[in-house]
Amino acid sequence: MTVRVAFLRGINVGKAHRVPMAGLRALATGLGLTDVATHLQSGNLLHSSEADPEADRLRLAAALEEAFGFTVDVVVVEADRLADLVAAHPFADGDPKRVHLGFAPGALPHGLRDELEALAREGERFEVRDDVLFADFGQGVHDSRAGNALARLVRPGFVTLRNLATVGALVERSR
């Protein structure tokens, strides 16, 4: 069994797209995932599985849509890889609540870093490594032009952000 984290994008933000964590845990357990746990209300699902991570991602996304009636973007990352990404974060010297990792289901667009830097405020930093965005939103992601443009810049795909504090906690919980 491999320990993984499924990141769900865009749930429990405002009143739309509500997914109760107890419901998410029950859904995951019903799919045959084991060691199921959630972290925070923002869609972080720890679990173990023998299946291919892409198969887990697709099964979770389909089951979430069927159970809750809306599409949920999902990325599944192995816990060992998460630990490596946290250790290698180029901006780990920043505030762990403002330094982020962005996870995508496939390679991020070529040139994304340059596009983000063109929109960046002073102190914002970005690096892209294949399917992961490393970002330091020094003044916060919510007021960032680059952060707000991210969804548009990665279409037709998507990226889901988690701050370094959250990802670090998930790494610790996965051990």
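**Notes on a two-domain predicted model**

1. Let's start inside a helix. Asp56 and Arg59 form a salt bridge, with their closest N and O atoms 3.3 Å apart. Keep in mind as you look around that this is a predicted model. Asp56 is found in helix α2, which covers residues 53-68. The two partners sit three residues apart in that helix, so about one helical turn separates them. In general, side chains of opposite charge can pair when their charged atoms come close.

2. Now compare how the two ends of that bridge sit. Is Asp56 buried or exposed? Asp56 has a relative accessibility of 1%, and because the cut-off for buried is under 20%, Asp56 counts as buried. Arg59 is partly exposed, with a relative accessible area of 34%. So this salt bridge joins a buried residue, Asp56, to a partly exposed one, Arg59.

3. Asp56 has other company too. Which residues does Asp56 touch, leaving out those up to four places away in sequence? They are Arg4, Leu33, His47, Ser49, Ala51 and Val76. With Arg4 there is a polar contact from side chain to side chain, at 2.8 Å. Try clicking on Asp56 and finding these neighbours one by one.

4. Follow Arg4 next. The side chain of Arg4 meets that of Glu78 in a salt bridge, 3.7 Å from N to O. Glu78 belongs to strand β4 and Arg4 to strand β1, so this pair ties together parts that are 74 residues apart in sequence. Arg4 counts as buried at 3% relative accessibility, while Glu78 is partly exposed with a relative accessible area of 34%.

5. Put these pieces together and you get a small web. Arg4, Asp56, Arg59 and Glu78 are linked in a network of salt bridges. Two members of the network, Arg4 and Asp56, are buried, whereas Arg59 and Glu78 are partly exposed. I'd show these four side chains together when looking at the model.

6. How many salt bridges does the structure hold? The count is 13. Another one of them joins the side chains of Glu127 and Arg129, at 2.6 Å from N to O. Here both partners are partly exposed: Glu127 has a relative accessible area of 25%, and Arg129 has a relative accessibility of 33%.

7. Ser49 deserves a look as well. Ser49 lies in strand β3 and is buried, with a relative accessible area of 5%. The side chain of Ser49 reaches the backbone nitrogen of Ala51 at 3.0 Å. Setting aside residues up to four places away in sequence, Ser49 touches Met1, Thr2, Arg4, Leu33 and Asp56. You'll recognise Arg4 and Leu33 here, since Asp56 touches them too.

8. Val76 is another neighbour of Asp56. Val76 has its place in strand β4 and counts as buried at 13% relative accessibility. Apart from neighbours within four places in sequence, Val76 is in contact with Arg4, Val5, Ala6, His47, Pro53, Asp56, Arg57 and Leu60. How far apart in space are Val76 and Ala165? From C-alpha to C-alpha they are 18 Å apart, and in sequence they are 89 residues apart.

9. Time to zoom out. The domain assignment splits the protein chain into domain 1 (2-79) and domain 2 (81-174). Taken over C-alpha atoms, the centres of the two domains are separated by 20 Å. Where they meet, 20 residues of domain 1 are in contact with 15 residues of domain 2.

10. What holds your attention at that interface? Domain 1 and domain 2 bury about 1500 Å² between them, and 68% of that is on carbon and sulfur atoms. How many salt bridges does the rule find across the interface? Zero. Polar contacts do turn up, with 11 residue pairs counted between domain 1 and domain 2. On the domain 1 side, the elements giving two or more residues are β1 (2-9), β2 (34-38), β3 (44-49) and β4 (73-78). By type, the residues on that side divide into 11 nonpolar, five polar and four charged.

Technical notes:
Residues are numbered from 1 along each chain as its sequence is written. This is a predicted model: local features need pLDDT of at least 70, side-chain atom pairs count only at pLDDT 80 or more; totals for chains, interfaces and linings use all residues. Side-chain values use heavy atoms; hydrogens and water are left out. Domain bounds come from an automatic or database domain assignment. Contact means heavy atoms within 4.5 Å. Buried area is the accessible area (1.4 Å probe) that two parts lose on being put together, summed over both. A polar contact is a pair of N or O atoms within 3.5 Å; within protein, one must be able to donate a hydrogen and the other to accept it, and residues adjacent in sequence count only if both atoms are side-chain atoms. Helices (H or I, at least four residues) and strands (E, at least two) are DSSP runs, numbered from the N terminus. Ala, Val, Leu, Ile, Met, Phe, Trp, Tyr, Cys and Pro count as nonpolar, Asp, Glu, Lys and Arg as charged, and the others, Gly among them, as polar. Buried means under 20% relative accessible area, exposed over 50%, partly exposed in between (1.4 Å probe, protein chains only).
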